[in-house]
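Me: I am new to this structure and would like the terms explained as we go. Please set each value against its cut-off.

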Amino acid sequence: MLGKNAGDAEMTVEEFLNGKVSFWKFSKLLMQIYQKEEPLSQRLIRKLTEYNGDEGKERIARKVRNWMHDRNLPQNREELFKICFALELDEKSADMVLGIAAESGIHYRNARELVYAYSLRKGMDYPEAAECAKRLGVDMLNGSSGRAEVRNLCAEFPAEALTGHIRSRFDRIKTEKDLQNFFEVHREKFGIQHRTAYRKFRKMLESLLCPSQGEGLLPNEQDYSIKKVVEQYLRMGVPYDRRSGGYTQIQRTLKQHWPSAKSICEMCSGKADVDRKTLLLLYLATEGEGGTEISEPGSVMEHQRRMDLMLAQCGMPALNIHCPFDYLILLAVRQEEEDDFISGRMEKMLRKIFNTERPAAYLVTGE
């Protein structure tokens, strides 16, 4: 890393703002895990042109240049999987790439991603993996995101239905026939949504929507609408503007996937999966649902431990000091100020980063 090491104990938002803290970049990650002799950019352009011939080589070359200059990240998980196949990564390396670039590693209850993981394990190329997924009918296995699935997301499931158990069984698969049999046995346990993440998301969100039923963590004991909860406790001064022009790379990275009232409603209805950033922001807004008081000895490490445990249970990467968003989370947790709310500390830093003037929501008690 260049500049100040993001893992140093003395971390400040001023150093963050002044560019004195360096973070892992997507281009550096790819260069470190790529093992072939062909130049990295050249290989990506060649292979992705094979996969997406109708997109045009020039357009693909422009995307690759943007990735290698860290101007932006791949648009979706499918594109990230294509990159993993193009670079002939193994399952473990692909899981790391997805975890860093998409905030969630391989989803082992998503049938399509299981096929991709199996294909990477067997050294197959992307077209072969896509054909295997088609033969096995993975989209039918994943099902829809209708009301029945949402009810299932809310329900409690035995251990054998959870991602960790599914993954341990999946590790034993050697052939496509094994994979087909695995799908037949576990077909009722697949889905595109993270069940554990959804249950934690709903529990924390409901403590904000109906604070009168909780332990009085919010300034006013009243029921809140989703829009008001998002505006007061989750946006934290981050602009809604979707354009990337005029923002620094750090600002663009922080803004990406930041929750809005619309995205929260889509997560509630099951139309969208619960993402890692939303879970962490909800943890801050609820203080982990009040389970740990900031004044308690060792509470700083306890908050970090509980957040890492929550992420692990949801199949998501642990807090990483080399990620800008995670850096701010850890900085907010570690700061010792008069403000008792971690989220208040986080909001003040974000308002400074984005130059927004309105005071932090947790400091406004008269609204």
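Me: Why is aspartate 171 called partly exposed?

Reply: Its relative accessibility is 42%. Buried means under 20% relative accessible area, exposed means over 50%, and partly exposed lies in between (1.4 Å probe, protein chains only). Aspartate 171 therefore counts as partly exposed. This is a predicted model, in which local features need pLDDT of at least 70 and side-chain atom pairs count only at pLDDT 80 or more, while totals for chains, interfaces and linings use all residues. Residues are numbered from 1 along each chain as its sequence is written, and side-chain values use heavy atoms, with hydrogens and water left out.

Me: What makes aspartate 171 and arginine 121 a salt bridge?

Reply: A salt bridge is a side-chain nitrogen of Lys or Arg within 4 Å of a carboxyl oxygen of Asp or Glu. The closest N and O atoms of this pair are 3.8 Å apart, so the rule is met. The pair links distant parts of the chain, 50 residues apart: aspartate 171 is in the loop between helix H11 (163–170) and H12, and arginine 121 is in helix H7 (residues 111–121). Helices here are DSSP runs (H or I, at least four residues), numbered from the N terminus. Arginine 121, at 28% relative accessibility, counts as partly exposed.

Me: How do you know that glutamate 38 is buried?

Reply: Glutamate 38 has 18% relative accessibility, so it counts as buried. Its salt-bridge partner is arginine 46, at 2.8 Å from N to O. Arginine 46, with 36%, counts as partly exposed. Both residues belong to a network of salt bridges that also includes Lys36 and Asp125.

Me: What ties aspartate 326 to arginine 276?

Reply: Their side chains meet in a salt bridge of 2.6 Å, N to O. Aspartate 326 lies in helix H19 (residues 324–334) and arginine 276 in helix H17 (residues 276–286), so the pair ties together parts 50 residues apart in sequence. Both residues are buried.

Me: Why are H8 and H12 called oblique to each other?

Reply: Helix H8 (residues 126–136) and helix H12 (residues 176–186) pack at an angle of about 40°. Angles under 35 degrees count as roughly parallel, over 145 as roughly antiparallel, 65 to 115 as roughly perpendicular and the rest as oblique. H8 and H12 are therefore oblique.

Definitions and conventions:
Axes are lines fitted to C-alpha atoms, for helices over the stretch in contact, and angles run from 0 to 180 degrees between N-to-C directions. Helices (H or I, at least four residues) and strands (E, at least two) are DSSP runs, numbered from the N terminus.
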